[in-house]
Amino acid sequence: MSASLPKIQFEVLMDARENKKQCSVYPLRERPDFRLRYFDRKQSPLAPFQADFLLHIDGECLSEMKLEPRPSFSVATIDCTWKKLAPALARVEAPLPRFARIPADFATAYPRKSKTPGLDPDGGLATIEALFIAAAFLGSWDETLLEKFHFKNQFLELNSALWKKYRLR
């Protein structure tokens with residue numbers, strides 16, 4: 001990563017019951033720019049996020065945010081099933097970071113196999129895909145985030161027109 005790009009820190013609150021073999025961010029747990037923490041059903045309250053932004057479907061779109069250039073940003077997300085998202089977020093102590101969302105036109109390369117048809121919203125992304133896109137919008141195109149993501153090449157190709165549309169690359 002170039003020295004002129006902003007440094008991005010990542011904070012991921014993960015469901016402790018997440019299957020680590022299928023988790024897109026677990027392989028990055030040793031990186032110094034990643035902070036993984038876990039929650040379970042019994043744990044309440046959850047410590048507040050330390051990030052500038054929390055990726056959330058109800059957030060302000062990253063493509064529309066007016067951001068001043070900075071040397072660093074931090075992005076948080078909650079990695080769990082959609083069913084557990086609202087209850088987990090409700091247990092996080094205030095203050096919450098500014099909500100930010102990924103533009104809806106980005107597509108996942110991660111094969112989705114919901115056991116309950118129609119449970120996942122359209123346009124959902126793997127956690128690492130969402131973090132990669134958020135970092136790109138914050139000024140840091142960092143393909144090392146995708147190094148251990150099995151679907152890296154498909155994801156980059158699938159969204160190639162969007163990288164140009166949003167001038168991220």
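In which loop is the place of Pro-95? Pro-95 sits in the loop between α1 and β5. In this predicted model, a cis peptide bond joins Ala-94 to Pro-95, with omega at about 0 degrees.

The strands that border such loops belong to an open sheet. Five strands form this sheet in the order β2-β1-β4-β3-β5, and the pairing is parallel. β2 (34-39) and β5 (98-101) are the edge strands, each pairing on one side only. On average, neighbouring strands of the sheet are turned by 45 degrees against each other, direction ignored.

One pairing can be given in detail. Strand β3 (residues 53-61) runs parallel to strand β4 (residues 72-79), and the two pair over two bridges. Leu-54 has Ala-76 in β4 as its bridge partner.

Two helices pack on the sheet, as tabulated here with their directions relative to β4.

| Helix | Strands touched | Angle with the direction of β4 |
|---|---|---|
| α1 (residues 82-90) | β1 (7-15), β2, β3, β4 and β5 | about 120 degrees |
| α2 (residues 127-137) | β1, β2, β3 and β4 | about 160 degrees |

A further backbone feature concerns Arg-167, found in the segment after α4 (160-165). The phi of Arg-167 is near 55 degrees, a positive value in a residue other than glycine. Is Arg-167 buried or exposed? Arg-167 counts as exposed because its relative accessibility is 77%, and the cut-off for exposed is over 50%.

Terms used. Residues numbered from 1 in each chain as written. Predicted model: local features only at pLDDT ≥ 70, side-chain atom pairs only at ≥ 80, totals over all residues. Heavy atoms only, no water. Pairing = 2+ DSSP bridges. Helix = DSSP H or I, 4+ residues; strand = E, 2+ residues; numbered from the N terminus. Axes fitted to C-alpha atoms, helices over the stretch in contact; angles between N-to-C directions. Contact = heavy atoms within 4.5 Å. Buried < 20%, exposed > 50% of the residue type's maximum accessible area, 1.4 Å probe, protein only.
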